[in-house]
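The paragraphs that follow lead through one structure, from its pockets to its sheet and on to a pair of helices. Please keep the sequence and the model in view while reading.

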Amino acid sequence: MNSSTPICVGTGLVALDVVISGNIVNDTQFLAGGSCGNVLTILSYLGWTSFPAARLSNNIATELLLEDLQRWGVQDDLLSVSETGSTPVIIHRIMKDKSGLPKHRFEFKNPEDGKHLPAYKPCLAKDVQAIFEQKSNSNVFYFDRINRGAIELAKVYKASGTIIFFEPSSVKDIKGFNESLEIADVVKFSDDRIADYDQLYPIAKAGLEIQTLGCSGLKFRTKGQQNWIKLSGYQIDNVVDAAGAGDWCTAAVIYHLFKQNKMADLTEADIVFALQFGQALSALNCTFEGARGLMYYIKRTDLLLYIQHIVESNISKIAQKRTMQIDQPHKQSLKISSLFTRV
C-alpha cells in the first residue's frame, strides 16, 4: 500500500447483491453491494485505498462478498465476521417494462421461500474507538446510515481533520439526521428519497450539498447559500441497468475533490467538474448490468481518459463503451438459501 495513496474509511450498508436477469436464476451474479460497499469498491478501483467498517456474519454470503471486495483491492481490516453479525443480502432483479424498456427492482425476501433476507446491523458505538485506532488516518469518512456508531465515528474522524461525507437515504430519524448534518462537510441525497429538503433546510448547512434528480441531472449549493446550481444529466445511448448510478457520482466527487483533505479551497469550477465527471460515470455504468458493472469490462486508465474527454468536450450523449473484459463477474446457480450456511 502506497503511503501517499488517498484513503477513505466508511461505514453503512455493505451487502451481497444477488443480481438476477429476469427469472433466470441459473445465471446469477453474486457481487459486493450496498451504498457503502459500492462507493468504497469504486474508489479502490479508481486508485484509492478503502476501508469499509461493518459487522458481517460467518456464512457463505460473507465469503462471496469478501471475495468480490478482495478482487478490487478493498481492505478488510475493519470488517468483523461473527455469529452476532449480519450480512445483508439484496436481490437486484433486472427486468423490462411493458414497453420493453429496462428497469430494475430491489427485493428483500428470498424468492425461494418468501422469508425476509438478512438485514443490516450497524457498527456498535462501543467499538468506535477501536475502529478509529486501527485506521485513524483517512482523507474521507463516508457514512450512509444514521445510527449511534456511525455518528460517533464521524465525530472522531472529523476531530482528526477528515472530510465527512454523509449520504442519507431518508430523514425518518430527524434528530439523528440533524446531528449528522452538523458534522458533515458534504451531504448528498436523491430527490425521490428526501423531497422536502428545501423546506427543512432553506439555507445550506453543509459545506457542499448535492441533490440528485434522476435523469434530470442534479443540483448543488455551498454553505450559507439558498439557491441551487443545476447541472443537466447525460443522455444514454443504451440503458441496461440504472442501479448504482448514485454510487458512481459519489465516488467521483470524493475522488476529484478530497485527495488533499481540503474543503475551504474548493472553487465552483472544481465542484462542477467533479459532479459532471460523476454524472458521466453514472450514465456509462447504466449501459452495463449491476451497480458496478463497468468495472468488470473497462480498465481504470481507459475509463478515466474516456470520461475526461466527455466532460471536457461537452458531449451530451454517452454511448456504450466496451473493451476487453477485465474480470468476469461470477455467474452461477447457487441457491439463495445456501448463502446463510455457517462457515
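Helices (H or I, at least four residues) and strands (E, at least two) are taken as DSSP runs and are numbered from the N terminus. With that numbering in hand, and bearing in mind that this is a predicted model, one can begin with the smaller of the two pockets described here.

The second largest pocket has a volume of about 190 Å³, and strand 4 (49-57), strand 5 (79-82) and helix 3 (128-134) each supply at least two residues of its lining. The largest share, 3 residues, comes from strand 5. The lining comprises 13 residues, and those nearest the centre of this pocket are Ala54, Arg55, Ser80, Asp127 and Ile131; by class, the 13 divide into 6 nonpolar, 4 polar and 3 charged residues.

The largest pocket, by contrast, has a volume of about 1400 Å³. It is lined by 50 residues, and closest to its centre lie Ala242, Gly244, Ala245, Gly246 and Asp247. Among the elements that each give at least two residues to this lining are strand 6 (89-96), strand 7 (102-107) and strand 10 (186-190), together with helix 1 (35-45), helix 7 (245-257) and helix 8 (268-285). The lining holds 25 nonpolar, 16 polar and 9 charged residues.

Strands 4, 5 and 10 also belong to an open sheet of 9 strands, whose order is 5-4-1-8-9-10-11-12-13 and whose pairing is mixed. Strand 5 and strand 13 (229-231) form the edges of this sheet, and because each has a single partner strand, one side of each is left without a neighbour in the sheet. From one strand to the next, the twist averages 20°. Within the sheet, strand 1 (residues 7-11) and strand 8 (residues 140-143) run parallel and are joined by 4 bridges, with threonine 11 standing opposite phenylalanine 143 of strand 8. Helix 8 packs on the sheet, where it touches strand 11 (208-212), strand 12 (218-222) and strand 13, and its direction makes about 155° with that of strand 12.

Helix 8 also meets helix 9 (residues 300-312): their axes come within 9 Å and cross at roughly 115°, in a right-handed crossing. On the side of helix 8 the contact includes Phe273, Phe277 and Leu281, while helix 9 contributes residues including Leu304, Ile307 and Val311. By class, this contact of helix 8 with helix 9 has 11 nonpolar, 2 polar and 1 charged residues.

How values were computed: Residues numbered from 1 in each chain as written. Predicted model: local features only at pLDDT ≥ 70, side-chain atom pairs only at ≥ 80, totals over all residues. Heavy atoms only, no water. 1 Å grid on protein atoms, 1.4 Å probe; cavity = no way out; pocket = protein on both sides within 12 Å on 5 of 7 lines; lining within 4 Å. Points joined across faces, edges and corners; volume = space filled by probe spheres on them. Nonpolar A, V, L, I, M, F, W, Y, C, P; charged D, E, K, R; others polar. Axes fitted to C-alpha atoms, helices over the stretch in contact; angles between N-to-C directions. Left-handed = near helix turned anticlockwise from the far one by under 90°. Contact = heavy atoms within 4.5 Å. Pairing = 2+ DSSP bridges.
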